[in-house]
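Me: Please take a close look at the metal site of this model, and then set it in the context of the rest of the chain. I should also like every cut-off behind the terms you use.

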Amino acid sequence: MATTGPEDFPARVTVREVGPRDGFQNEPESIPTSDKVRLIDALARTGLTRVEVGSFVRADVIPQLADGAEVLAGIAIPDGVDVAVLVPNQRGWEAALPHKDRFDEVIVFLSASETHNVKNINRPVADSLATVESLLGQVRDAGIRPLASIATSFGCPYEGHVDPKRVYELAGRMAAAGAEEISFGDTTGMANPRQVRTFYEEALERLPGVELTAHFHNTRGSALANALAALEAGVTSFESSFGELGGCPVPPGSTGNIATEDLISMLHEMGVDTGVDLAKLLDASRDVQRVLGRPLGSHVLTAGPVEWADE
Ligand code: ZN
């Protein structure tokens with residue numbers, strides 16, 4: 001091990017791979033179902049214990065994810081790996097329910113910012129919250145782990161600053177409705193490490209008993225710094241996307257989620273275990289880069305893992 005971190009760093013953190021949903025949904029060219037299945041099967045054999053594999057959203061809204069049921073039917077997931085699907089509304093939950101033997105977690109979502117929520121799902125936040133609360137109860141009653149995600153938790157491209165108190169209040173309502181885990185998304189890469197550290201320190205105090213997850217986008221290159229700040233605040237759950245896939249389509253050209261291999265590499269170099277085999281993860285990232293036919297944003301995919309000559 002090259003370095004040892006502060007004594008209070010966690011020995012181990014959990015990483016959910018979100019590329020097959022959050023990443024693929026922004027790809028303009030249709031990705032064949034067989035490629036998705038192969039990539040998910042590979043990701044599920046890297047040591048990652050959580051993978052978000054798709055969404056039950058209307059096919060005309062996100063055609064790329066229209067094959068959610070086929071992907072679920074095709075993948076072969078080892079024991080110990082939890083499969084998550086995204087459900088946008090009641091109709092999506094009803095589409096997902098017949099396949100519930102094939103997933104372990106359902107993610108419901110809304111935006112903290114009123115304008116972003118309206119532009120994204122065409123409803124005011126209060127309406128979305130009512131739907132999300134209802135869905136969380138239904139998911140729990142079906143024996144599935146209910147998760148919630150709050151987009152634009154650290155800033156909104158339309159409204160600017162988002163009051164953390166509003167985010168905590170939404171999270172509190174979701175936790176009361178049954179959310180066992182809440183992910184706070186820096187949807188358009190506006191967060192900075194100082195803000196992130198303060199945000200999560202307070203969130204961990206305000207939301208005891210709920211797993212709090214960090215979801216950063218690398219739009220402005222701050223994602224790894226933000227991940228470190230979250231780690232220092234006490235966060236032990238992260239979401240990331242292999243190859244640095246994904247990102248919000250607004251603003252155009254923005255880069256994606258923090259790359260899983262960049263996050264894993266940094267954590268391992270700091271002595272924080274993830275259980276992930278970086279070499280296997282890089283194989284999956286090289287595969288998706290080949291499928292998409294363009295260079296991806298991930299740094300470790302380009303540079304390779306750190307190699308210490310004295311080890
Ligand atoms: Zn994302």
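Reply:
**The zinc site and its surroundings**

The residues that supply donors to the zinc ion follow the sequence spacing D-x192-H-x1-H-x39-N. Two of them join distant parts of the chain: Asp-22 belongs to helix α1 (residues 19–23) and His-215 to strand β7 (residues 211–216), with the two positions 193 residues apart. (Helices, H or I with at least four residues, and strands, E with at least two, are DSSP runs numbered from the N terminus.)

The model is a predicted one, in which local features need pLDDT of at least 70 and side-chain atom pairs count only at pLDDT 80 or more, while totals for chains, interfaces and linings use all residues. Residues are numbered from 1 along each chain as its sequence is written, and side-chain values use heavy atoms, with hydrogens and water left out.

Which atoms hold the zinc ion? Coordination comes from OD of Asp-22, NE2 of His-215, NE2 of His-217 and OD1 of Asn-257, at 2.0 to 2.1 Å. Donors here are N, O and S atoms within 2.8 Å of the metal (3.2 Å for Na, K and Ca); water is not among the atoms, so sites may look incomplete. The angles among the four donor atoms run from 83 to 157°. Both Asp-22 and His-215 are buried (under 20% relative accessible area; exposed is over 50%, and partly exposed lies in between, with a 1.4 Å probe and protein chains only).

Helix α1, which carries Asp-22, also contributes to the largest pocket of the model, being one of the elements that supply at least two residues of its lining. That pocket has a volume of about 1,000 Å³. Its lining consists of 39 residues, and those closest to the centre are Arg-21, Gln-25, Phe-109, Asn-120 and Ile-121. Besides α1, the elements giving at least two lining residues each are β2, β4 (105–111), α5 (114–121), α6 (125–141), β5 (145–151) and β6 (181–186). The largest share belongs to α5, with four residues.

The search behind these values uses a 1 Å grid over the protein atoms alone: a pocket is an open set of points with protein on both sides within 12 Å along at least five of seven lines, a cavity is a set where a 1.4 Å probe fits but cannot get out, and lining residues have an atom within 4 Å of a point. Points are joined across faces, edges and corners, and a volume is the space filled by probe spheres set on them.

Over the whole structure, one cavity of 30 Å³ or more is found, and the volume of the largest cavity is about 30 Å³. Around the largest cavity stand Pro-20, Lys-36, Val-53, Gly-54, Leu-65, Asp-67, Gly-68 and Val-71. Two elements, β2 (50–55) and α3 (68–74), give two or more residues to this lining. Strand β2 therefore appears in the description of both spaces, since the elements of the pocket lining include β2 as well.

The chain as a whole contains 12 helices and eight strands. Its C-alpha trace spans about 60 × 45 × 40 Å along the principal axes. Of its 311 residues, 54% are buried.

Several individual residues complete the picture. Glu-27 sits in the loop between α1 and α2 (33–43) and, with a relative accessibility of 8%, counts as buried. From its C-alpha atom to that of Ser-183, 156 residues away along the chain, the separation is 23 Å.

Two residues other than glycine have a positive phi. For Asn-122 the angle is near 60°; this residue lies in the loop between α5 and α6 and is exposed, because its relative accessibility is 66%. For Glu-244 the angle is about 70°. Glu-244 is placed in the loop between β8 (237–240) and α10 (260–269), and it counts as buried because its relative accessibility is 9%.

Gly-74, in helix α3, is partly exposed at a relative accessible area of 38%. Between Gly-74 and Ala-191 there are 37 Å in space, C-alpha to C-alpha, for 117 residues in sequence. Pro-305, in the segment after α12 (299–303), is likewise partly exposed, with a relative accessible area of 35%. The C-alpha atom of Pro-305 is 39 Å from that of Lys-165, the two residues being 140 apart along the chain.

Technical notes: Tetrahedral: all angles 85-135°; square planar, octahedral: opposite > 155°, others 65-115°.
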